Amino acid sequence: MPNAKLAVIYYSSTGTVHAMAQRLAEAGGRAGAEVRLRQVAELAPQEAIAANAAWSQHFDRTKDEPKATADDIVWADAVLLGSPTRYGNISSQLKQFIDTLGPQWSQGLLADKVYAGFTASMTAHGGQESTLLALYNTIHHFGGIVVAPGYTDPLKFADGNPYGVSHVTGGDNSAPLGEAQLAALDHMAERVVRIAGKLKG
């Protein structure tokens with residue numbers, strides 16, 4: 001079975017989704033994939049970023065990291081897309097990146113790939129499921145293959161999210177990823193890499 005190419009494309013304001021993306025990239029690599037980890041460009045005005053210390057610090061730490069391009073999705077056999085929840089939806093930063101993919105979509109270059117999503121919110125009912133489901137609406141338009149983790153492993157009963165992987169950061173956005181989330185991220189990366197490899201083979 002040929003090795004799959006995995007693109008992990010995400011937006012993170014304060015660092016939680018960034019940490020999730022890094023874990024997915026590492027797990028994908030361990031599963032045998034060639035991996036690209038790419039952050040989408042920041043769109044928020046500087047005054048908004050500066051008003052939040054965690055946001056400002058994360059922006060400064062990651063501003064020179066490779067930014068996502070359309071080629072990263074075209075290149076990939078599997079794509080993991082991550083965003084914090086924004087009123088029950090994906091962030092404008094990730095949405096803007098997706099909205100630039102019209103030329104690739106019209107040529108069918110986004111179809112027949114494996115996709116899954118990940119997200120984080122401050123509260124337990126902060127729109128995590130609706131964010132992932134909204135993301136998957138786009139994947140259906142791409143003609144992509146949604147490979148959500150479901151309850152395909154007992155660890156998903158601890159993580160509790162069949163739609164993808166999610167994390168609750170708490171009111172100050174400081175709660176670290178726990179063992180349940182880390183295990184769920186590893187499982188999702190391994191699963192999409194495995195299924196993408198089967199489709200590629």
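Helices and strands are DSSP runs, counted from the N terminus, with at least four residues for a helix and at least two for a strand. In those terms, Tyr 87 lies in the loop that joins strand S3 (78-84) to helix H5 (92-99). The model is a predicted one.

Tyr 87 is a useful place to start, since both its backbone and its surroundings can be described. Its relative accessible area is 88%, and the cut-off for exposed is over 50%, so Tyr 87 counts as exposed. Its phi is positive, at about 55°, although Tyr 87 is not a glycine. Most residues other than glycine have a negative phi. Asp 112 is another residue with a positive phi, near 60°, and again it is not a glycine. Asp 112 sits in the loop between helix H6 (102-106) and strand S4. With a relative accessibility of 62%, Asp 112 is also classed as exposed.

From the S3-H5 loop one can move on to helix H5, where Leu 94 is found. Leu 94 has a relative accessible area of 0% and is buried. Leaving out residues up to four places away in sequence, Leu 94 touches Ile 9, Tyr 11, Val 40, Leu 81, Gly 82 and Ser 83. Leu 94 and Ala 31 are 63 residues apart in sequence, and their C-alpha atoms are 26 Å apart in space.

Helix H3 covers residues 53-62, and its buried residues are Trp 55, Ser 56, His 58 and Thr 62. Viewed down the axis of H3, these buried residues fall within an arc of 165°, so they line one face of the helix. The elements that cover them include helix H1 (16-30), strand S2 (34-39) and helix H2 (46-50). At the start of H3, a side-chain oxygen of Asn 52 comes to within 3.0 Å of the backbone nitrogen of Ala 54.

Thr 14 gives a second view of this region. Thr 14 belongs to the loop between strand S1 (5-10) and H1. Its relative accessible area is 18%; buried means under 20%, so Thr 14 falls in the buried class. Beyond its neighbours within four places in sequence, Thr 14 is in contact with Asn 52, Ala 54, Trp 55, His 58, Arg 61 and Asn 173. Of these contacts, Trp 55 and His 58 have already appeared among the buried residues of H3, while Asn 52 and Ala 54 form the pair at the start of that helix.

Asn 173 leads to the largest pocket, as it is one of the residues that lie nearest the pocket centre, along with Ser 13, Pro 84, Arg 86 and Met 122. The lining of this pocket consists of 15 residues, and its volume is about 250 Å³. H1 and strand S4 (114-121) each supply at least two of the lining residues.

Two further helices can be read through one residue each. Val 74 is part of helix H4 (residues 70-75), and its relative accessible area of 28% makes it partly exposed. Apart from neighbours within four places in sequence, Val 74 is in contact with Gln 104, Leu 109 and Lys 113. Lys 113 is 39 residues from Val 74 in sequence, with a C-alpha to C-alpha distance of 9.2 Å. Asp 159 is in helix H8 (residues 156-159). This residue is buried, at a relative accessible area of 12%. A polar atom of the Asp 159 side chain lies 3.2 Å from the backbone nitrogen of Asn 161. With neighbours within four places in sequence left aside, the contacts of Asp 159 are Gly 164, Val 165, Ser 166, Ala 180 and Ala 184.

The two ends of the chain can be taken last. Pro 2 is in the segment before S1, and at 36% relative accessibility it is partly exposed. Setting aside neighbours within four places in sequence, Pro 2 is in contact with Gly 197, Lys 200 and Gly 201. The C-alpha atoms of Pro 2 and Leu 199 are separated by 9.6 Å, although the two residues are 197 apart along the chain. For residues 6-193, UniProt lists "domain: Flavodoxin-like" in an unreviewed entry. The end C-alpha atoms of that span lie 7 Å apart, and the span is 44% helix and 17% strand.

Notes. Residues numbered from 1 in each chain as written. Predicted model: local features only at pLDDT ≥ 70, side-chain atom pairs only at ≥ 80, totals over all residues. Heavy atoms only, no water. Buried < 20%, exposed > 50% of the residue type's maximum accessible area, 1.4 Å probe, protein only. Arc of directions from axis to C-beta. Contact = heavy atoms within 4.5 Å. Polar contact = N/O pair within 3.5 Å; in protein donor to acceptor, adjacent residues only side chain to side chain. UniProt positions renumbered as here; feature names shortened; annotations may be inferred. 1 Å grid on protein atoms, 1.4 Å probe; cavity = no way out; pocket = protein on both sides within 12 Å on 5 of 7 lines; lining within 4 Å. Points joined across faces, edges and corners; volume = space filled by probe spheres on them.
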